[in-house]
Amino acid sequence: MAEVLVIGATSMVGSDFVQHGGFACAALGRRDPRALGLAVERFDSVDLEDPLALHRRIVQAPEPAIVNFAAITDVDGVEAERPVDLGAAAGPAWRVNALAPAYLAHGAGEGKRQFVQVSTDFVFDGEAGPYDETASRSPFSPRVSWYGWTKGEGERRTLVILPPSAIVRIAYPFRADFPSKLDFARRLLQRYREGSLPPLYTDQQISPTWIPDVTAAVGAVIRQRFSGLLHVASPDLTTPYEFASALIGESVGHRVDLPQGALGTGAPPAHRAPRPLKGGLRSVRAAGLGLRPTSWQEGIRQLLRISGGRS
Ligand SMILES: NC(=O)c1ccc[n+]([C@@H]2O[C@H](COP(=O)([O-])OP(=O)(O)OC[C@H]3O[C@@H](n4cnc5c(N)ncnc54)[C@H](OP(=O)(O)O)[C@@H]3O)[C@@H](O)[C@H]2O)c1
């Protein structure tokens with residue numbers, strides 16, 4: 001029998017856990033992770049938008065720990081699903097990000113299993129970051145993206161239904177390789193090579209997460225039976241402009257002049273979701289689990305070392 005049931009094993013973040021987490025994993029989801037070359041002991045097909053099927057699969061699964069990496073992560077795309085009235089919340093992001101974690105937590109609780117939900121710094125509006133684990137999630141407002149709100153609702157429902165659950169929040173995750181999807185760091189490198197870099201914000205505060213740290217953190221959460229909120233992100237803050245300058249500069253071996261822009265405090269342009277301006281996570285509890293999140297500068301060095309600059 002596998003040790004961990006992974007939901008979202010095909011995701012950019014979850015696939016690293018399946019590959020390098022050190023657990024025998026089973027997977028539940030839409031796409032078979034074996035098609036991506038990921039080794040899992042069992043795969044069961046389910047759409048997270050189908051609560052009955054999801055519940056059935058979860059109560060039948062024998063694994064003692066369940067980790068949910070799955071989400072609809074197209075932050076700008078799902079903004080179109082934002083309802084005027086919260087009572088009318090519907091749509092795929094609502095069902096996958098807010099409701100599915102609740103069904104998973106419920107099923108995990110019925111079987112007395114451990115449940116870990118992966119979440120995001122976008123639950124905060126970016127008025128007063130960086131945020132540690134004691135900070136309250138921001139209220140619903142035009143400054144919180146619909147993606148961030150649905151993820152926050154997934155967190156809240158999880159903790160109401162199964163209080164011993166763990167919520168692992170991460171921010172701007174990046175890794176050295178994952179052909180199925182570019183993270184923000186590898187997208188910056190690609191756009192630089194194509195000559196299509198957009199203006200990069202000099203005023204947005206972020207704390208990028210090196211994805212292998214998420215794998216280590218989720219592993220520690222499971223082994224040490226941690227419950228509650230845990231932040232995993234670079235201890236140093238940066239901006240998209242500073243991060244891109246360091247990444248691309250190290251990649252090409254000389255200083256580069258990149259286009260600058262500002263996120264500002266006004267409403268986002270049409271078809272763009274709001275993003276936290278003064279965002280970022282402070283990982284205060286990580287040390288208690290024996291974790292030391294990687295700085296964004298070290299993450300860049302590791303990315304370029306592992307990928308040989310090919311990312
Ligand atoms: N990417 C970021 O910048 C970021 C930042 C902070 C936090 N996070 C969080 O980290 C986690 C992983 O993010 P990621 O970027 O690695 O995700 P991703 O690569 O976009 O993958 C999304 C995953 O969710 C699954 N999924 C989506 N809808 C589904 C449905 N209806 N039924 C079954 N599975 C479904 C996908 O399955 P298929 O392969 O079948 O489509 C895939 O495994 C998420 O919880 C996300 O909120 C991400």
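**Exercise 1. Where is the place of Ser 136?** Then decide whether Ser 136 is buried or exposed.

Solution.
- Step 1. The model is a predicted one. Ser 136 sits in the loop between β5 and α4.
- Step 2. Its relative accessibility is 63%. The cut-off for exposed is over 50%. Ser 136 therefore counts as exposed.
- Step 3. Take a partner along the chain. Val 123 is 13 residues away from Ser 136, and the two C-alpha atoms are separated by 9.3 Å.
- Step 4. Stay in this loop. Pro 130 also has its place between β5 (114-120) and α4. A cis peptide bond joins Gly 129 and Pro 130, with omega at about 5°.

**Exercise 2. Judge how far the prediction can be trusted, overall and by element.**

Solution.
- Step 1. Start with the whole protein. The average pLDDT is 96, and 99% of the residues score at least 70.
- Step 2. Go to the elements. Helix α2 (residues 51-60) has the lowest confidence, with a mean of 94. Strand β10 (residues 228-232) has the highest, at 99.
- Step 3. Recall the caution that applies to any such model. Where pLDDT is low, predicted coordinates should not be read in detail.

**Exercise 3. Describe the largest nonpolar core and find the elements that build it.**

Solution.
- Step 1. Count its members. The largest nonpolar core has 41 residues.
- Step 2. Pick out the residues with the most contacts inside this core. They are Leu 188, Phe 243, Leu 247, Leu 258 and Leu 303.
- Step 3. List the elements that give two or more residues to the core. These are α3 (92-110), α4 (146-161), α5 (184-194), α7 (240-252) and α8 (296-307).
- Step 4. Rank the contributions. Helix α7 supplies the largest share, five residues.
- Step 5. Zoom in on Leu 258. Beyond four places in sequence, Leu 258 touches Tyr 192, Leu 197, Leu 200, Tyr 241, Ala 244, Ser 245 and Ile 248.
- Step 6. Look for another core. A second, separate one has 35 residues, including Phe 17, Val 67, Val 168 and Val 214.
- Step 7. Set this against the general pattern. In soluble globular proteins, nonpolar side chains tend to be buried together.

**Exercise 4. Contrast the surroundings of Val 4 and Arg 225.**

Solution.
- Step 1. Place both residues. Val 4 is in strand β1 (residues 4-7). Arg 225 is in the loop between α6 (211-223) and β10.
- Step 2. Check accessibility. Val 4 has a relative accessible area of 1%, so Val 4 is buried. Arg 225 has 57%, so Arg 225 is exposed.
- Step 3. List contacts beyond four places in sequence. Val 4 touches Phe 17, Phe 23, Ala 24, Cys 25, Ala 26, Glu 63, Ala 65, Val 67 and Ile 222. Arg 225 touches Gln 114 and Ala 220.
- Step 4. Compare sequence separation with distance in space. Val 4 and Glu 63 are 59 residues apart along the chain, yet their C-alpha atoms are separated by 5.5 Å. Arg 225 and Ala 100 are 125 residues apart, with 22 Å between C-alpha atoms.

**Exercise 5. Two residues have a positive phi without being glycine. Which phi does each have, and is each buried or exposed?**

Solution.
- Step 1. Take Lys 112. Its phi is about 55°. Lys 112 lies in the loop between α3 and β5.
- Step 2. Assess its accessibility. The value is 75%, so Lys 112 counts as exposed.
- Step 3. Take Tyr 172. Its phi is about 40°. Tyr 172 is found in the loop between β6 (166-170) and β7 (173-174).
- Step 4. Apply the cut-off. Buried means under 20%. Tyr 172 has a relative accessible area of 18%, so Tyr 172 is buried.

**Exercise 6. Characterise the second largest pocket.**

Solution.
- Step 1. Give its volume. The second largest pocket holds about 260 Å³ of space.
- Step 2. Inspect the lining. Sixteen residues line this pocket, and the closest to its centre are Arg 143, Gly 264, Thr 265, Gly 266 and Arg 275.
- Step 3. Sort the lining by class. Seven residues are nonpolar, four are polar and five are charged.

Definitions and conventions
Residues are numbered from 1 along each chain as its sequence is written. This is a predicted model: local features need pLDDT of at least 70, side-chain atom pairs count only at pLDDT 80 or more; totals for chains, interfaces and linings use all residues. Side-chain values use heavy atoms; hydrogens and water are left out. A nonpolar core is a set of buried Ala, Val, Leu, Ile, Met, Phe, Trp, Tyr and Cys residues joined through side-chain atoms within 4.5 Å. Buried means under 20% relative accessible area, exposed over 50%, partly exposed in between (1.4 Å probe, protein chains only). Helices (H or I, at least four residues) and strands (E, at least two) are DSSP runs, numbered from the N terminus. Contact means heavy atoms within 4.5 Å. pLDDT is the predictor's confidence in each residue, from 0 to 100. On a 1 Å grid over the protein atoms alone, a cavity is a set of points where a 1.4 Å probe fits but cannot get out, and a pocket is an open set with protein on both sides within 12 Å along at least five of seven lines; lining residues have an atom within 4 Å of a point. Grid points are joined across faces, edges and corners, and a volume is the space filled by probe spheres set on the points. Ala, Val, Leu, Ile, Met, Phe, Trp, Tyr, Cys and Pro count as nonpolar, Asp, Glu, Lys and Arg as charged, and the others, Gly among them, as polar.
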